[in-house]
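Trainee: Could you take me through one part of this model closely, the second largest pocket and what lines it, and then work outwards to the rest? I would like one connected account.

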Amino acid sequence: METTPTPALVTRRGAQPLPRLALWLLCAAYLLPGVFGRDPWRNADLTSFGLMAAMADGRSPWTSPMLGGVAVDSALLPHWIGAAAIAALGPIVGAPLAARLPFVFLLGLTLALTWYATYHLARTEAAQPVAFAFGGEADPVDYARAIADAALLALIACLGLLQLGHETTPELVQLTAVAVQLWALAAAPFRPRTARAVLLVALPLLAASGAPAMAVAMGIGGVLVCRGSSYPTVRESARWLGAGTVAAAGIGVLAGTWRWRVPSAVDEGTLWSIVRQLAWFLWPAWPLALWTLWRWRRHLMHRHVSVPLVIAGVALTANLVMLGADRALLLGLPALAILAAFALPTLRRGAAAAIDWFSVCFFSVCAIAIWVIYVSLQTGVPAKPAANVARLAPAFMPTLRPVDLLAALLATLAWLWLVRWRTGRHREAVWKSLVLPAAGVALSWLLLMTLWRPLLDHARSARPWVEALQPLVGAQPECVSAPDVPPALVAALEVHGPWRVRAGAAASSGAPCPVLLQWRRAVPKGAPPTPPGPGWTLVGRASRPTDRNEITWVWRRSGPRR
């Protein structure tokens, strides 16, 4: 392959690593908030947790996940992980926390694998910066570490990872599998035996987690990249990756994870929504990744660009084909973060300053808004934010939690120090432009999961809805029929309620239940419900405090069915 000068110019001072303690604290501030002290949130998070809890409690077979007696189309492996954690740790720490712990570990593993994949890619000769005539250029290993630090910061800064990465859903297992494949492809020239073994596992893991089509597409793209490599060990790895791709297709068939998820209808509004989704979901990595493709356009076939480009391209294609499926787009974030990191050695000073100023302004405003609303809820001053919360989230009672308040204060002080540090020193570090975006995302998430956690739990948990149903349903009927209740709310009934639920087609099988739930969305105010049939008496209605468009009517059988 013809070698051309690289566009990267990095001095020895520019390749200084990010202090390890600061990096560890940033990762902890990103990973740990939201793990403790909250319920599973609607919709996918609650549905997945309901399936895991049903398996662990024996209400669902492990080979066919069920909610309310109805089989749910979902991958087995991620739910086995959560169910096993609930069975082992649930009696000690509670089921929600027990199910969440392995997925927090998977998110941390994804961050680590992204760092090491970038490190190996940056060590290749084609990725190294230009050597200066009189010396002073970055050491190859130091440069690789600095670029890896930048990729980790870019991944943390991606807005799309913030919520989906902290859920207990199969997509987090898929994300980890993609990061595993990225590491194996990147490490193939340096650790060939380990990389080949991992390549046999990564794509089957992705297929078993519910994404066999993306696994096969990434496998085919990876084989093409390996076959075109100048490293003999990488070309040899193509056979192993091909075997992993075939195994992924077979596992997809055996596990029943092949599904047609392509919508048939598309219109101008859908296309515009996809564009908006790409703009915010991939921020701030996407403009940097585009800059990488431009500045490194003569090096697109080199592995530090081609490897992440193939993975990101498959994810973007799947998102477009599925008309804006954000969970497909999620799988491309590690690769996109790697591409963004390679933009930094070529970034102009004005662009770096613009990123810094935008991050300072945007995240400082977000932090101020969170603090103002929190202070208003606790003290009543200013009065308008508290009044707006009372209108949007009725029945919410604010509580003062000293531990959360202390964590929020420390995080805010750390942000102020970081802004001052960034503007005063370390201006030559190659990763400098991504420190403030990553820290701003971590700050906002930590503040939300401390100061606003009770409010968000009240708004996004289904527990208040179940509590509103309890006086109407009664303490312990024989069973509750919920034929048209969505899967997430069926999971809420099983998790938060003391009842045995029959959902979907299972509601009409066996002996009739004495209580029936009739769920409707966007019911006009005052519109009477349609009786389910003769012999039913309307007991009342309930809804979530923060969603008045969903109404649940409770019926009780008053006589034999005719």
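Mentor: Happily! In this predicted model, the lining of the second largest pocket divides into 27 nonpolar residues, two polar and two charged. That makes 31 lining residues, and Leu-25, Leu-26, Ala-29, Ala-414 and Leu-446 are the ones that lie nearest the centre. The volume of this second largest pocket is about 750 Å³.

Where does the lining come from? Helix 1 (20-31), helix 18 (402-424) and helix 19 (435-450) are the elements that give two or more residues to the second largest pocket. Helix 18 has the largest share of that lining, with nine residues.

Two of these lining helices also pack on each other. The axes of helix 18 and helix 19 come within 9 Å and cross at roughly 165°. An angle over 145 degrees counts as roughly antiparallel, so helix 18 and helix 19 are roughly antiparallel to each other. The crossing in which helix 18 passes helix 19 is left-handed.

The third contributor, helix 1, has a packing partner of its own. Helix 1 packs with helix 5 (residues 140-157) at an angle of about 20°, and their axes are 11 Å apart. Here the angle falls under 35 degrees, the limit for roughly parallel, and helix 1 and helix 5 are therefore roughly parallel to each other. Helix 1 passes helix 5 in a left-handed crossing.

Just along the chain from there is a detail worth a look in your viewer. Asn-43 sits in the loop between helix 1 and helix 2, and the peptide bond joining Arg-42 and Asn-43 is cis, with omega about 5°. As background, most peptide bonds are trans. A cis peptide bond also joins Val-381 and Pro-382, this time with omega about -5°. Pro-382 belongs to the loop between helix 16 (349-379) and helix 17 (383-392).

Helix 2 leads us on to the largest pocket, which has a volume of about 960 Å³. Of its 41 lining residues, Glu-171, Gln-174, Gly-210, Ala-211 and Arg-261 are the closest to the centre. The elements giving two or more residues to this lining are helix 2 (44-57), helix 3 (76-93), helix 7 (170-187), helix 9 (212-227), helix 13 (303-321) and helix 14 (326-330). By residue class, the lining of the largest pocket has 23 nonpolar, 13 polar and five charged residues. Set that beside the 27 nonpolar, two polar and two charged residues of the second largest pocket.

Two of the elements around the largest pocket deserve a further word. Helix 7 packs with helix 4 (residues 95-122), with axes 8 Å apart and an angle of about 20°. Helix 4 and helix 7 are therefore roughly parallel to each other, and helix 4 passes helix 7 in a left-handed crossing. Then there is Leu-323, placed in the loop between helix 13 and helix 14. Its phi is near 55°, a positive value in a residue other than glycine. For context, most residues other than glycine have a negative phi.

Finally, let us turn from the helices to the sheet. Five strands form an open sheet in the order 4-3-5-7-6, with mixed pairing. Its edge strands are strand 4 (501-503) and strand 6 (536-544), each pairing on one side only. On average, neighbouring strands of this sheet are turned by 25° against each other, direction ignored.

What does mixed pairing look like at the two edges? At one edge, strand 3 (residues 480-482) and strand 4 run parallel and are joined by three bridges. Ala-482 has Ala-503 of strand 4 as its bridge partner. At the other edge, strand 6 pairs with strand 7 (residues 547-557) in the antiparallel sense, over seven bridges. One of the residue pairs to look for there is Trp-536 with its bridge partner in strand 7, Arg-557. Strand 6 and strand 7 form a hairpin, with two residues between them.

Technical notes:
Residues numbered from 1 in each chain as written. Predicted model: local features only at pLDDT ≥ 70, side-chain atom pairs only at ≥ 80, totals over all residues. Heavy atoms only, no water. Pairing = 2+ DSSP bridges. Helix = DSSP H or I, 4+ residues; strand = E, 2+ residues; numbered from the N terminus. Axes fitted to C-alpha atoms, helices over the stretch in contact; angles between N-to-C directions. 1 Å grid on protein atoms, 1.4 Å probe; cavity = no way out; pocket = protein on both sides within 12 Å on 5 of 7 lines; lining within 4 Å. Points joined across faces, edges and corners; volume = space filled by probe spheres on them. Nonpolar A, V, L, I, M, F, W, Y, C, P; charged D, E, K, R; others polar. Parallel < 35°, antiparallel > 145°, perpendicular 65-115°, else oblique. Left-handed = near helix turned anticlockwise from the far one by under 90°.
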